[in-house]
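Thanks for asking me to look this one over. Have the sequence and the model open side by side while you read my comments.

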Amino acid sequence: SLQVRGLCGTYNGDQRDEFATPAGDVESSVSAFADKYRAPGACPARGPFAADPCGTYAGQRDAAEAACAVLHGSAFQ
């Protein structure tokens, strides 16, 4: 059976454990989850995400779609 964890999730069909951290706890928000994987000193901690990120960051849509296309590529099939 395929076993993954971390930022890729667990891929086990149970969405309740998708935000599992390296310490084994499960975060309830995206920003708290992402901060657990942030390298110390590499970048500032993120605050809560915008309620409507597509509207807030409309000018970055093309860049976001290009970055997300990698996740839909053959490496993640």
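My points follow, going from the overall fold to individual residues.

1. Please keep in mind throughout that this is a predicted model. The protein has three helices and zero strands, so that the order along the sequence reads α-α-α under the helix and strand assignment used here.

2. On burial, 10% of the 77 residues in the protein are buried. The accessible surface comes to about 6300 Å², and carbon and sulfur atoms account for 57% of that surface. As for contacts, if you take those between residues at least 6 apart in sequence, 10% join residues at least 24 apart.

3. The part I would look at with you is the charged group around helix H1. Lysine 36 forms a salt bridge with aspartate 25, with the closest N and O atoms 3.3 Å apart. Lysine 36 lies in helix H1 and aspartate 25 in the segment before H1, so this pair ties together parts that are 11 residues apart in sequence.

4. Lysine 36 has another partner: glutamate 27 forms a salt bridge with lysine 36, and here the closest N and O atoms are 3.0 Å apart. Asp25, Glu27 and Lys36 are thus linked in a network of salt bridges. Which members of this network are buried, and which are partly exposed? Glutamate 27 counts as buried because its relative accessibility is 18%, below the 20% cut-off. Lysine 36, at 40%, counts as partly exposed, and aspartate 25, at 31%, also counts as partly exposed.

5. Staying with helix H1, which covers residues 30-36, you will find alanine 34 there. Alanine 34 is partly exposed, at 31% relative accessibility. Its C-alpha atom is separated by 8.7 Å from that of threonine 21, a residue 13 positions away along the chain.

6. Helix H3 has a salt bridge too: arginine 61 pairs with glutamate 65, the closest N and O atoms being 2.9 Å apart. The two residues are four apart in helix H3, which means that about one helical turn separates them. Glutamate 65 is partly exposed, with a relative accessible area of 43%. The count for the model comes to five salt bridges.

7. Finally, have a look at the nonpolar side of things. Val70, Leu71 and Phe76 make a nonpolar surface patch of about 300 Å². Valine 70 lies in helix H3, which spans residues 61-71. Valine 70 is classed as exposed because its relative accessible area is 53%, and exposed here means over 50%.

How values were computed:
Residues numbered from 1 in each chain as written. Predicted model: local features only at pLDDT ≥ 70, side-chain atom pairs only at ≥ 80, totals over all residues. Heavy atoms only, no water. Buried < 20%, exposed > 50% of the residue type's maximum accessible area, 1.4 Å probe, protein only. Contact = heavy atoms within 4.5 Å. Areas by Shrake-Rupley, 256 points an atom, 1.4 Å probe, with all protein chains shown as cover. Patch = residues over 30% accessible without salt bridge, like charges linked within 9 Å, V, L, I, M, F, W, Y side chains within 5 Å. Salt bridge = Lys/Arg side-chain N within 4 Å of Asp/Glu carboxyl O.
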